[in-house]
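Good morning, colleagues. I should like to take a few minutes to go through one structure with you, beginning with its interior and then turning to the ligand.

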Amino acid sequence: MKKVLVTGVTGRTGSIVFSKLRQYQGEFQVMGLARFPDKVQKLFNSTDGFFFGDLLKPDTLRPAFVDCQALVILTSATPRLKNPSQQGVRPEMEFPPGEMPEQIDYYGQKHQIDAAKDAGVEHIVLVGSMGGTNPAHFLNTIGNGNILIWKRKAEEYLIHSGIDYTIIRAGGLIDESGGKRELLVGKDDVLLNNPPDEIKPVITRADLAEAVVQALQHQTARNKAFDLISKPENHPGSVVTKDFATLFAQTTSG
Ligand code: NAP
């Protein structure tokens, strides 16, 4: 049985990945890493199978990695509203103090990759974001965080770590049900800048979570980095993606 650790497990995608992996009893032993026990208790009705630690305190992470064969990284800096919203005033966003993308998305991910390497983890699935080829992307302006730039630096660190990797650069995330759309893989933000049929470059968190779970199972996902979006549900001519081995085979490294 493969022991897998999921970080960012209290997040909107991490929680779906964790729940999906728990359904593969006999194939995966899944553990979660989170900051706050009360949040875990509320989400999963139990704290069994969870470790508690902070990405910014590497020593608190290490116990979670013991005997793990695979790691799923779903942590992220998350901006919040700076001021209460007012009519006619554009809302401003900021990152909480000490939780800028440099800290969370670069050092926080680096600390996880280092802990994984020390523990002998064989495979890391990292969820990142599309848009990283454009330093002027609007996401980089949020809270002066340069979030896509720091996420890319962490990806580079993973690629050079020597551990097998799967880097999934997701399009905009939406909270609709999964398993109903054709997924599309791409490279270098082509799907963002020139999506086929001018579709929106988005994907449901449920479909992204399924891609993560499938990446843990298929050799064709190893040492690959790719963009991921989906066609809209019932899009003319689309075929709902079921064969992930073939989907991953269309992707390349780096
Ligand atoms: P999310 O809900 O914002 O979850 C982020 C997770 O990171 C939470 O579990 C959070 O824990 C954890 N975290 C943050 N700081 C931490 C720390 N110091 N120590 C431990 N854990 C920490 O994530 P999401 O919206 O599902 O996004 C998943 C991934 O997709 C992210 O990498 C995101 O950038 C990427 N993405 C998002 C979009 C989009 O449209 N939003 C588009 C493309 C890609 P707490 O619960 O304790 O805060």
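A residue is called buried here when its relative accessible area is under 20%, counting protein chains only as cover. The model in front of you is predicted.

Let me begin with Thr7, which lies in strand S1, residues 2-7. Is Thr7 buried or exposed? Its relative accessibility is 0%, and because the limit for a buried residue is under 20%, Thr7 counts as buried. The side chain of Thr7 also has a polar partner: it makes a polar contact with the side chain of Gln112, at 2.7 Å.

From Thr7 I move to Phe28, whose place is in strand S2, a strand that covers residues 28-34. Phe28 has a relative accessible area of 6%, so Phe28 is buried. In sequence, Phe28 and Val4 are 24 residues apart, while in space their C-alpha atoms are 6.7 Å apart.

A further element to consider is helix H8, residues 205-215. How many of the residues of helix H8 are buried? The count is 11 of the 11, and therefore the helix is largely enclosed by the rest of the structure. Charged residues appear in that buried set: among its members are Arg205, Asp207 and Glu210, together with Leu208, Val212 and Val213.

I now turn to the ligand. The space taken by the ligand is the largest pocket. Around the ligand there are 24 residues, and those that come nearest are Thr10, Thr13, Arg35, Lys39 and Lys151. By class, this shell has 11 polar, 7 nonpolar and 6 charged residues.

Which strand gives the largest share of the shell? Strand S7 does, with 3 residues. Strand S7, residues 123-129, and strand S9, residues 172-174, each supply at least two residues of the shell.

Let us look at some individual distances. A polar side-chain atom of Thr10 lies 2.6 Å from an oxygen atom of the ligand. For Arg35, a polar side-chain atom is 2.7 Å from an oxygen atom of the ligand. For Thr78, the corresponding distance from a polar side-chain atom to a ligand oxygen atom is 3.1 Å. As for the ligand surface, the ligand taken alone exposes 930 Å², and the protein buries 87% of that.

To close, I would leave you with two points: helix H8 is largely enclosed by the rest of the structure, and the ligand takes up the space of the largest pocket. Thank you for your attention.

Definitions and conventions:
Residues are numbered from 1 along each chain as its sequence is written. This is a predicted model: local features need pLDDT of at least 70, side-chain atom pairs count only at pLDDT 80 or more; totals for chains, interfaces and linings use all residues. Side-chain values use heavy atoms; hydrogens and water are left out. A residue is near a molecule or strand if one of its heavy atoms lies within 4 Å of it. A polar contact is a pair of N or O atoms within 3.5 Å; within protein, one must be able to donate a hydrogen and the other to accept it, and residues adjacent in sequence count only if both atoms are side-chain atoms. Accessible areas come from the Shrake-Rupley method with a 1.4 Å probe; for residues, only the protein chains shown count as cover. On a 1 Å grid over the protein atoms alone, a cavity is a set of points where a 1.4 Å probe fits but cannot get out, and a pocket is an open set with protein on both sides within 12 Å along at least five of seven lines; lining residues have an atom within 4 Å of a point. A molecule sits in a cavity or pocket if more than half of its atoms lie within 2 Å of its grid points. Helices (H or I, at least four residues) and strands (E, at least two) are DSSP runs, numbered from the N terminus. Buried means under 20% relative accessible area, exposed over 50%, partly exposed in between (1.4 Å probe, protein chains only).
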